[in-house]
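Trainee: Could you take one part of this model and walk me through it slowly? I'd like to see how a single helix sits against whatever is around it.

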Amino acid sequence: MDDLAKVAQAAGDDERWMAEALALAREAEAAGEVPVGAVVVLEGGVIGRGHNGPITSGDPTAHAEIRALRQAAAEIGNYRLEGTTLYSTLEPCVMCAGALVHARVRRLVFGARDLRFGGVRSKFRLCDSEILNHRVEIREGVLGADCAELLERFFRARR
(Lines give C-alpha, C1' and ligand atoms only; values in the text may rest on other atoms or scores of the structure.)
Protein backbone atom coordinates (compact mmCIF):
# COMPACT_ATOMS: atom_id res chain seq x y z
CA MET A 1 0.00 0.00 0.00
CA ASP A 2 1.46 3.38 -0.99
CA ASP A 3 1.60 6.37 1.38
CA LEU A 4 -1.48 8.07 -0.10
CA ALA A 5 -3.55 4.92 0.32
CA LYS A 6 -2.39 4.59 3.94
CA VAL A 7 -3.42 8.19 4.66
CA ALA A 8 -6.84 7.62 3.08
CA GLN A 9 -7.36 4.41 5.08
CA ALA A 10 -6.32 6.10 8.33
CA ALA A 11 -8.78 8.95 7.69
CA GLY A 12 -11.59 6.45 7.11
CA ASP A 13 -10.67 4.54 10.26
CA ASP A 14 -10.63 7.78 12.23
CA GLU A 15 -14.18 8.60 11.11
CA ARG A 16 -15.34 5.06 11.88
CA TRP A 17 -14.04 5.13 15.45
CA MET A 18 -15.18 8.71 16.03
CA ALA A 19 -18.69 7.62 15.03
CA GLU A 20 -18.50 5.00 17.79
CA ALA A 21 -17.36 7.68 20.26
CA LEU A 22 -20.33 9.82 19.17
CA ALA A 23 -22.71 6.95 19.92
CA LEU A 24 -21.23 6.78 23.43
CA ALA A 25 -21.64 10.55 23.78
CA ARG A 26 -25.33 10.14 23.00
CA GLU A 27 -25.55 7.54 25.80
CA ALA A 28 -24.05 10.12 28.18
CA GLU A 29 -26.61 12.67 27.03
CA ALA A 30 -29.46 10.22 27.64
CA ALA A 31 -28.15 9.78 31.21
CA GLY A 32 -28.11 13.55 31.78
CA GLU A 33 -24.34 13.83 31.49
CA VAL A 34 -22.39 16.21 29.26
CA PRO A 35 -22.35 14.29 25.95
CA VAL A 36 -18.75 13.19 25.54
CA GLY A 37 -17.69 9.74 24.39
CA ALA A 38 -14.32 8.06 23.92
CA VAL A 39 -12.90 4.82 22.56
CA VAL A 40 -9.40 3.37 22.70
CA VAL A 41 -8.32 1.39 19.65
CA LEU A 42 -5.39 -1.01 19.34
CA GLU A 43 -4.54 -2.89 16.15
CA GLY A 44 -7.90 -2.25 14.56
CA GLY A 45 -10.11 -3.15 17.51
CA VAL A 46 -11.68 -1.32 20.42
CA ILE A 47 -10.15 -2.20 23.80
CA GLY A 48 -11.76 0.57 25.85
CA ARG A 49 -14.99 2.56 25.80
CA GLY A 50 -16.31 5.33 27.98
CA HIS A 51 -18.74 8.18 28.21
CA ASN A 52 -18.99 10.99 30.69
CA GLY A 53 -20.29 9.92 34.08
CA PRO A 54 -19.24 12.32 36.86
CA ILE A 55 -22.83 13.18 37.79
CA THR A 56 -24.29 9.68 37.87
CA SER A 57 -21.21 8.11 39.49
CA GLY A 58 -20.43 10.93 41.90
CA ASP A 59 -16.83 10.72 40.65
CA PRO A 60 -15.18 13.91 39.36
CA THR A 61 -12.64 11.83 37.41
CA ALA A 62 -15.28 9.85 35.50
CA HIS A 63 -14.63 11.63 32.22
CA ALA A 64 -15.15 9.66 29.02
CA GLU A 65 -11.42 9.49 28.29
CA ILE A 66 -10.48 8.29 31.79
CA ARG A 67 -13.16 5.61 31.71
CA ALA A 68 -11.99 4.42 28.28
CA LEU A 69 -8.35 4.38 29.41
CA ARG A 70 -9.22 2.38 32.54
CA GLN A 71 -11.12 -0.21 30.52
CA ALA A 72 -8.31 -0.44 27.94
CA ALA A 73 -5.65 -0.92 30.63
CA ALA A 74 -7.74 -3.65 32.26
CA GLU A 75 -8.29 -5.31 28.87
CA ILE A 76 -4.59 -5.61 28.07
CA GLY A 77 -3.38 -5.94 31.66
CA ASN A 78 -1.02 -2.98 31.48
CA TYR A 79 -1.27 0.70 32.38
CA ARG A 80 0.97 1.52 29.43
CA LEU A 81 -1.20 1.77 26.35
CA GLU A 82 1.57 2.03 23.78
CA GLY A 83 0.46 1.83 20.16
CA THR A 84 -3.11 2.87 20.95
CA THR A 85 -5.27 5.66 19.59
CA LEU A 86 -7.85 7.38 21.76
CA TYR A 87 -10.86 8.93 20.00
CA SER A 88 -12.78 11.58 21.92
CA THR A 89 -15.69 13.68 20.76
CA LEU A 90 -14.33 16.65 22.74
CA GLU A 91 -10.82 17.96 23.24
CA PRO A 92 -9.57 16.40 26.49
CA CYS A 93 -9.21 18.53 29.61
CA VAL A 94 -5.90 18.88 31.45
CA MET A 95 -6.61 15.84 33.66
CA CYS A 96 -7.38 13.62 30.67
CA ALA A 97 -4.50 15.01 28.59
CA GLY A 98 -2.13 14.18 31.44
CA ALA A 99 -3.53 10.66 31.63
CA LEU A 100 -2.92 10.20 27.89
CA VAL A 101 0.73 11.16 28.34
CA HIS A 102 1.16 8.91 31.40
CA ALA A 103 -0.44 5.98 29.57
CA ARG A 104 1.84 6.51 26.56
CA VAL A 105 -1.08 6.66 24.13
CA ARG A 106 0.35 6.99 20.60
CA ARG A 107 -2.40 9.08 18.97
CA LEU A 108 -5.29 11.26 20.03
CA VAL A 109 -8.09 12.02 17.61
CA PHE A 110 -10.74 14.46 18.80
CA GLY A 111 -13.78 16.07 17.26
CA ALA A 112 -14.55 19.48 18.76
CA ARG A 113 -12.32 21.90 20.64
CA ASP A 114 -13.13 22.76 24.25
CA LEU A 115 -12.52 26.50 24.33
CA ARG A 116 -13.06 26.71 28.11
CA PHE A 117 -11.12 23.71 29.44
CA GLY A 118 -9.15 22.18 26.56
CA GLY A 119 -5.83 20.72 27.63
CA VAL A 120 -4.57 19.74 24.18
CA ARG A 121 -5.00 22.80 21.97
CA SER A 122 -7.40 25.43 23.29
CA LYS A 123 -5.92 26.35 26.70
CA PHE A 124 -2.85 24.14 27.09
CA ARG A 125 -0.74 21.87 24.88
CA LEU A 126 0.02 19.01 27.25
CA CYS A 127 -0.11 16.07 24.88
CA ASP A 128 2.71 17.18 22.61
CA SER A 129 4.66 19.40 24.97
CA GLU A 130 8.40 19.26 24.46
CA ILE A 131 9.01 19.44 28.22
CA LEU A 132 7.31 16.09 28.90
CA ASN A 133 8.84 12.66 28.31
CA HIS A 134 6.12 11.45 25.91
CA ARG A 135 4.38 13.18 23.05
CA VAL A 136 1.01 12.14 21.66
CA GLU A 137 0.35 12.55 17.94
CA ILE A 138 -2.79 14.68 17.56
CA ARG A 139 -5.47 14.95 14.90
CA GLU A 140 -8.40 17.24 15.52
CA GLY A 141 -11.68 18.02 13.80
CA VAL A 142 -12.75 14.48 12.85
CA LEU A 143 -16.55 14.63 12.63
CA GLY A 144 -16.08 17.93 14.44
CA ALA A 145 -19.33 19.50 13.26
CA ASP A 146 -21.33 16.52 14.56
CA CYS A 147 -19.48 16.54 17.89
CA ALA A 148 -19.94 20.30 18.34
CA GLU A 149 -23.62 20.18 17.37
CA LEU A 150 -24.34 17.50 19.97
CA LEU A 151 -22.72 19.58 22.71
CA GLU A 152 -24.39 22.82 21.58
CA ARG A 153 -27.82 21.18 21.52
CA PHE A 154 -27.26 19.71 24.98
CA PHE A 155 -26.28 23.03 26.56
CA ARG A 156 -28.94 25.00 24.66
CA ALA A 157 -31.61 22.71 26.16
CA ARG A 158 -30.32 23.45 29.65
CA ARG A 159 -30.42 27.24 29.35
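Mentor: Let's look at helix α3 and then at the sheet beneath and beyond.

Keep in mind that this is a predicted model. Helix α3 covers residues 64–76, which makes 13 residues. From first C-alpha to last, α3 reaches 19 Å, close to the 18 Å expected at 1.5 Å a residue. Just past its end, Gly77 takes a positive phi of about 70°.

Which residues of α3 are buried? They are Ala64, Glu65, Ile66, Ala68, Leu69, Ala72 and Ala73. If you're wondering about the spacing in that list, an α-helix has 3.6 residues a turn, so residues three or four places apart point the same way. The buried residues of α3 pack against three strands, β1 (37–42), β2 (45–51) and β3 (85–90), and also against helix α4 (94–103). As for direction, α3 lies across β1, β2 and β3 and runs at about 145° to β2.

One more residue of α3, Arg67, is touched by Gly53, a glycine in the loop between β2 and α2 (54–57). Gly53 has 0% relative accessibility, so it counts as buried. Besides Arg67, Gly53 touches Glu33, Gly58 and Ala62, leaving out residues up to four places away in sequence.

Now the sheet itself. It is open, with five strands in the order β2-β1-β3-β4-β5 and mixed pairing. β2 and β5 (137–140) stand at the edges, each with a single partner strand, so one side of each has no neighbour in the sheet. The twist averages 15° from one strand to the next.

Step over from β3 to β4 and you find that the two run parallel, joined by five bridges. On that seam, Thr85 stands opposite Arg107. Helix α5 (residues 144–158) also packs on the sheet here, touching β3 and β4, and its direction makes about 55° with that of β4.

Arg107 is worth a pause. Arg107 belongs to strand β4 (residues 107–112). Is this arginine buried or exposed? Arg107 counts as buried, because its relative accessibility is 11% and the cut-off is under 20%. Its side chain makes a polar contact of 2.9 Å with the side chain of Asp14. Setting aside neighbours within four places in sequence, Arg107 is in contact with Asp14, Thr84, Thr85, Leu86, Tyr87, Val136, Glu137 and Arg139.

Methods:
Residues are numbered from 1 along each chain as its sequence is written. This is a predicted model: local features need pLDDT of at least 70, side-chain atom pairs count only at pLDDT 80 or more; totals for chains, interfaces and linings use all residues. Side-chain values use heavy atoms; hydrogens and water are left out. Helices (H or I, at least four residues) and strands (E, at least two) are DSSP runs, numbered from the N terminus. The expected span of a helix is 1.5 Å times one less than its number of residues. Buried means under 20% relative accessible area, exposed over 50%, partly exposed in between (1.4 Å probe, protein chains only). Contact means heavy atoms within 4.5 Å. A polar contact is a pair of N or O atoms within 3.5 Å; within protein, one must be able to donate a hydrogen and the other to accept it, and residues adjacent in sequence count only if both atoms are side-chain atoms. Two strands pair if DSSP finds at least two bridges between them. Axes are lines fitted to C-alpha atoms, for helices over the stretch in contact, and angles run from 0 to 180 degrees between N-to-C directions.
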